[in-house]
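Hi there,

Here is the structure I promised to pass on to you. Have a look first, and my notes follow below.

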Amino acid sequence: MKMRVAAVLVLALAAMTCVARAQQEKLPEASALEKDLAARASDVTEVTLSKQMLAFAAQFMDKDDKDDVQTRKLIEGLDGIYVREYAFDKEGDITPEVVEKLRAHYMTGEWTPMVHERETKSHETSDVMMKIVNGEPRGIFVLEAEPKELTIVLILGPIRMEDLGKLHGISGLGSLNIVSKSTKASQGK
């Protein structure tokens, strides 16, 4: 009888692990629009860090450095980081229609807009959306567009706004500064 109970428990734990793994979000493949942007851009930076890659990178952080320890804890909890930066030689390659299509591609019912900034003279735009699941932040999306540059940042997994600054050292995540500034401004800091 004890063997049967133990076997049932092992099977139940294995099933729960499989369900948990299936529920982990996968980072998106580049959309057709992003592939087109990459083909036309003069400079492209693409960073795709899956949960496994983040865990691997965390192994090389200094265990004696307080900041590295905090950053390591943060990235080990994430499901992934996806960054795309496109730079163009001339203005006009990034039209408002392209930005709107990208925004629509990423925005689904589970993403809540936080920042929606438009500069009409310079044609610069910034969007920040937060994915909320059961009242908890489970992802952040940033889309920044300038006349000659476009940046997409997607971070999946549990994240607190105050922790975003810890990710600034990862290539392409400099655009998270707008989120930090917006959060501090809304909190009156």
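Helix α2 passes α5 in a left-handed crossing. Please keep in mind as you read that this is a predicted model. Helix α2 covers residues 32–40, and its axis and that of α5 come within 10 Å, crossing at roughly 140°. An angle over 145 degrees would count as roughly antiparallel, so α2 and α5 are instead oblique to each other.

If you want to find this contact on your screen, look on the α2 side for L33, E34 and L37. Their partners in α5 are V98, K101, L102 and Y106. Sorted by class, this contact has five nonpolar residues and two charged ones, with no polar residues.

The other helix pair I looked at is α3 and α4. Helix α3 spans residues 51–58 and helix α4 spans residues 66–77; their axes come within 8 Å and cross at roughly 160°. With the cut-off at 145 degrees, α3 and α4 are therefore roughly antiparallel to each other. Here, too, the crossing of α3 past α4 is left-handed.

Which residues in α3 meet α4? They are K51, L54 and A58, and on the α4 side you will find R72, I75, E76 and G77. By class, the contact of α3 with α4 has three nonpolar, one polar and three charged residues.

Now for the largest pocket, which may be a nice place to start browsing. About 280 Å³ of space lies in the largest pocket. There are 18 residues in its lining, and those closest to the pocket centre are I94, T95, P96, H123 and T125.

Where does the lining come from? Three elements give two or more residues each to the lining of the largest pocket: α5 (96–106), β3 (111–119) and β4 (124–133). The largest share is that of α5, with four residues. So that you can picture the chemistry of the lining, it has five nonpolar, six polar and seven charged residues.

One thing to take away is that α5 turns up twice in these notes: α5 meets α2 through V98, K101, L102 and Y106, and α5 also gives four residues to the lining of the largest pocket.

Happy browsing, and do write back with any questions.

Best wishes

Notes
Residues numbered from 1 in each chain as written. Predicted model: local features only at pLDDT ≥ 70, side-chain atom pairs only at ≥ 80, totals over all residues. Heavy atoms only, no water. Axes fitted to C-alpha atoms, helices over the stretch in contact; angles between N-to-C directions. Parallel < 35°, antiparallel > 145°, perpendicular 65-115°, else oblique. Left-handed = near helix turned anticlockwise from the far one by under 90°. Contact = heavy atoms within 4.5 Å. 1 Å grid on protein atoms, 1.4 Å probe; cavity = no way out; pocket = protein on both sides within 12 Å on 5 of 7 lines; lining within 4 Å. Points joined across faces, edges and corners; volume = space filled by probe spheres on them.
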